[in-house]
Amino acid sequence: MNEAEELLATTLVVGLAQPMPDGIGVALAQVGDSSAWALRGGQFHALLDHKFATAEPVFSSTVSPLPRVPAEVVPCTLKLPVDAVLLV
């Protein structure tokens with residue numbers, strides 16, 4: 001690692017939203033601890049697993065320095081109902 005990678009890091013969420021007759025087709029991927037949410041019926045719903053979704057009192061705040069590519073990026077695909085709002 002170089003000095004910048006040791007001192008600086010960022011998070012990233014990328015995605016594609018595609019209109020469908022019965023909702024919105026969504027494909028998302030994340031690096032770091034940023035997330036995406038759906039707002040529906042006045043409630044927020046997390047769409048990506050992230051490190052804060054734990055019952056543990058202590059969790060890691062480690063992030064991946066970009067532009068390095070993490071060992072694994074797991075995409076998430078889902079369909080949002082027509083009355084939902086995607087928040088990234």
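**Exercise 1. Find the strand that holds glutamine 30, then decide whether this residue is buried or exposed.**

Step 1: Scan the strands of this predicted model. Glutamine 30 turns up in β2, which covers residues 23-31.

Step 2: Check the relative accessible area, which comes to 17% for glutamine 30. The cut-off for buried is under 20%, so glutamine 30 counts as buried.

**Exercise 2. Work out what glutamine 30 has around it, starting with serine 34 and then valine 74.**

Step 1: Start at the side chain. One of the polar atoms of the glutamine 30 side chain sits 2.5 Å from the backbone oxygen of serine 34. A polar contact needs a pair of N or O atoms within 3.5 Å.

Step 2: Now go along the chain. Valine 74 is 44 residues away from glutamine 30 in sequence, yet their C-alpha atoms are 7.7 Å apart.

**Exercise 3. Lay out the open sheet of 3 strands: what is the strand order, and which strands are at the edges?**

Step 1: Write down the order, β4-β3-β6, and note that the pairing is antiparallel.

Step 2: Look for strands that pair on one side only. Those are β4 (43-46) and β6 (85-87), the edge strands.

Step 3: Add the twist, which averages 30 degrees from one strand to the next.

**Exercise 4. How many bridges join β3 to β6, and which residue of β6 stands opposite alanine 38?**

Step 1: Count the links: β3 (residues 37-40) and β6 run antiparallel and are joined by 3 bridges.

Step 2: Look across from alanine 38, and you'll find leucine 86 in β6.

Technical notes
Residues are numbered from 1 along each chain as its sequence is written. This is a predicted model: local features need pLDDT of at least 70, side-chain atom pairs count only at pLDDT 80 or more; totals for chains, interfaces and linings use all residues. Side-chain values use heavy atoms; hydrogens and water are left out. Two strands pair if DSSP finds at least two bridges between them. Helices (H or I, at least four residues) and strands (E, at least two) are DSSP runs, numbered from the N terminus. Axes are lines fitted to C-alpha atoms, for helices over the stretch in contact, and angles run from 0 to 180 degrees between N-to-C directions. Buried means under 20% relative accessible area, exposed over 50%, partly exposed in between (1.4 Å probe, protein chains only). A polar contact is a pair of N or O atoms within 3.5 Å; within protein, one must be able to donate a hydrogen and the other to accept it, and residues adjacent in sequence count only if both atoms are side-chain atoms.
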